[in-house]
Amino acid sequence: MKTDILILGGGLSGFCAAWEIVKHSDLSVDLLAWGGGASPYIHGFCLPVGEGDSEELFYRDSIGSGYGQADPRLVRRLCRDSLLLPDYFAELGLSVDAGRIQSLGSSVPRIAGIGNNTGPVMLNVLRKKLEASGRFRLHRNFRALELIKQEEAVVGARCYDKESDTFQTVYAGAVILATGGFGRLFPESTNSPDIGGDGCAMAYLAGCRLTDMEFIQFEPSAAVWPEALAGRSIITTMFYEGAVLRNGKGERFMQEQVGKDIQAKAIAAQIRNGNATPHGGVWFDATAVPQTMWDGIYKPYRDRYLAHGIDMCKEPVEIAPAAHTTCGGVYIDEDCRTGVPGLIACGEVTGGLHGANRLGGNAGLETMVFGRIAGRTALHSYRPCTKAGEVPVQNRKPSVDLAPIRNKLARILRTKLGVIRTEGELEEGVGEIDALRLQLPDHENCYELQRLYNDLLTAKIAMASALYRKGSVGCHHRADQEQEDRSYRILIKNTQDGFTLSEEPV
C-alpha cells in the first residue's frame with residue numbers, strides 16, 4: 001500500500017493532523033487506527049481566555065506543574081497556540097464553553113470543553129470532514145509495529161491488519177507518529193486496551209531520542225470498586241468544589257488542592273501503611289459538592305456510579321492511583337520534528353512538554369495544538385514516495401505461551417515502577433525485563449510476539465530512565481532519595497554502542 005502522508009494512531013492528535021493536511025493541500029492521507037486511545041475520554045482542556053487568565057500565567061502554571069523540567073520551547077508553543085483554538089472551533093462549527101472549572105495546578109479556572117464530551121465530539125466532526133474530502137482513508141484495526149527506513153529517512157511502516165490477519169507494508173512521503181502513551185502497560189491504568197508501547201519502541205529503533213520516560217503521571221482518583229468501574233477516573237476538579245480524601249479509618253489525610261503527583265504519593269503512602277479501604281484504596285468523599293454541579297457538569301460521574309447502586313452525592317467511593325498519562329516519549333522540537341527525516345510525532349507519544357508532572361487539562365490541549373502543528377510540518381517534510389507496494393504476509397501464531405510473560409511484566413511494573421520507587425527495586429526491574437526479553441523467540445511476522453517485544457522494550461526504557469534519575473521530582477518519587485533541585489532531561493537513544501542514556505540541561 002502507498003500513500004502521500006501516513007498517520008499512525010486513531011486519536012485526536014492524528015485526526016487534527018490529517019485535517020490540516022487535507023485542507024491545506026491536495027495530498028492524500030491514510031490514517032491507521034487500532035482504537036481511539038485516550039481521546040474518547042477527553043472531557044476538557046486548558047484554554048487561557050477567562051477572566052484573570054493570560055498566556056503568560058498559563059505558561060507559568062505549566063512550567064511550575066512540571067517542576068521546571070519541561071522544555072520551555074514546547075511549553076511556550078502550547079500556550080501561544082492555545083489562543084488560536086477559538087477560531088479553530090468556529091471553523092469546525094463547534095461551540096466551546098470556556099473557563100468553567102479549575103484544574104489541579106492551575107491558578108485560575110481555565111478548563112474549557114464541549115459539554116463533557118470534547119474528545120468524542122471532535123473526533124466525529126473531524127472524521128466527517130475528512131471523509132467528505134475524498135482524499136482521506138481511515139483504516140480501522142490496523143496497527144503499526146515497525147517503522148521502515150531508507151537512507152536514514154522513514155518512508156513507511158510495517159503494520160498488522162486484523163481483518164485479513166496479515167502484515168502489510170505501507171509506504172509514504174511522510175509519516176506522523178501519533179500512537180499515544182504507554183500507560184496501559186501497567187495493570188492498574190485508566191487507559192483503554194488499544195494503548196501500548198509500540199510508538200516509543202518503533203521510534204527508538206528508528207533512531208529517535210526518547211526523553212522523560214521516568215515521568216509517569218498516576219491518576220490519583222481511579223476507581224477500585226465496584227469492579228466494573230475499575231480504572232475509571234473521577235475528575236479531580238471536584239476538590240475545588242468540596243470533595244475530600246479519607247483513608248480507611250475515615251481520617252482526612254491531606255490538603256487535596258495540589259498536583260496529581262502529590263495526591264498520588266499521599267494516597268499510595270496511606271495504602272502502603274495499612275490504612276486502606278476494604279478494596280485496597282482510599283475514600284473519595286464528594287458529598288459536599290453542591291447539588292447544582294451534580295445536576296450539571298458532574299452528572300456523568302454520578303450516573304456512572306448510580307448504575308451500580310452507589311450515589312456519590314450521599315456516600316464516598318473507593319479510589320487508588322492508576323497509570324494515567326505518560327509524560328515521556330519521542331523528543332521533538334516545537335514543530336514536532338523528531339530529528340529523523342520523514343518522521344513527525346505529536347501527542348502523548350512525545351516527551352519534553354510536561355516535564356516531571358502534567359498540568360491538569362494540558363493532555364487534551366496537547367492533542368489539538370501539536371496535532372495541528374504536526375500536520376503542517378508534514379506538508380513541509382513531504383517528499384514523493386518512490387517505493388512500490390509489497391505482497392501482504394500471513395500472520396503466524398506464537399510458538400510459546402505469552403500470557404505468563406505478560407503477567408510477569410505487569411507484576412514488575414506494579415511493584416517496581418509504581419508511584420513510589422527505590423533504586424534496588426528499579427535495578428531488579430531492569431534485570432527482570434531483560435530476562436523476559438531473552439525468552440522471546442523470533443517475532444518476525446507474528447503480531448502477538450511483536451507487540452510483546454515492543455512493550456518489553458518500552459518498559460525497559462522507562463525503568464532504566466527511572467533508575468538513572470537518582471533524586472525525586474514530580475511524578476518520579478524515589479523513597480530512598482532526596483528531592484532534586486536540578487533541571488535536566490534524560491535522553492535515551494539506540495546507537496552503535498547499544499542502549500545509551502545521557503543528560504542535558506533544560
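Are tyrosine 160 and tyrosine 447 buried or exposed? In this predicted model, tyrosine 160 is buried, and tyrosine 447 is buried as well. The two residues make a good starting point for a look at the aromatic side chains.

A pair of aromatic rings is described by the distance of the centres and the angle of the planes. Counted by the rule used here, there are twelve aromatic pairs in the structure. In the pair formed by tyrosine 160 and tyrosine 447, the ring centres are 4.3 Å apart and the planes meet at 20 degrees; since planes under 30 degrees apart count as stacked, this pair is therefore stacked. Tyrosine 160 belongs to strand β8 (residues 153–161) and tyrosine 447 to helix α13 (residues 447–468), so their contact ties together parts that are 287 residues apart in sequence. Both tyrosines also take part in a cluster, in which ring pairs link them with Trp34 and Phe167.

Aromatic rings meet charged groups too. Arginine 76 lies over the face of tyrosine 59, 3.7 Å from the ring centre. Likewise, the charged end of arginine 469 sits over the ring of tyrosine 488, at 4.1 Å from its centre.

Strand β8 appears again in the second largest pocket, where it gives three residues, the largest share of the lining. This pocket has a volume of about 220 Å³. It is lined by 15 residues, and those closest to its centre are Ala153, Val154, Val155, Gly173 and Arg383. The elements that contribute two or more residues to the lining are β8 and β9 (166–177). Sorted by class, the lining holds seven nonpolar, five polar and three charged residues.

Methods. Residues numbered from 1 in each chain as written. Predicted model: local features only at pLDDT ≥ 70, side-chain atom pairs only at ≥ 80, totals over all residues. Heavy atoms only, no water. Phe/Tyr/Trp six-rings, centres within 6.5 Å; stacked < 30°, edge-to-face > 60°. Helix = DSSP H or I, 4+ residues; strand = E, 2+ residues; numbered from the N terminus. Buried < 20%, exposed > 50% of the residue type's maximum accessible area, 1.4 Å probe, protein only. Lys NZ or Arg CZ within 6 Å of the ring centre and 35° of its normal. 1 Å grid on protein atoms, 1.4 Å probe; cavity = no way out; pocket = protein on both sides within 12 Å on 5 of 7 lines; lining within 4 Å. Points joined across faces, edges and corners; volume = space filled by probe spheres on them. Nonpolar A, V, L, I, M, F, W, Y, C, P; charged D, E, K, R; others polar.
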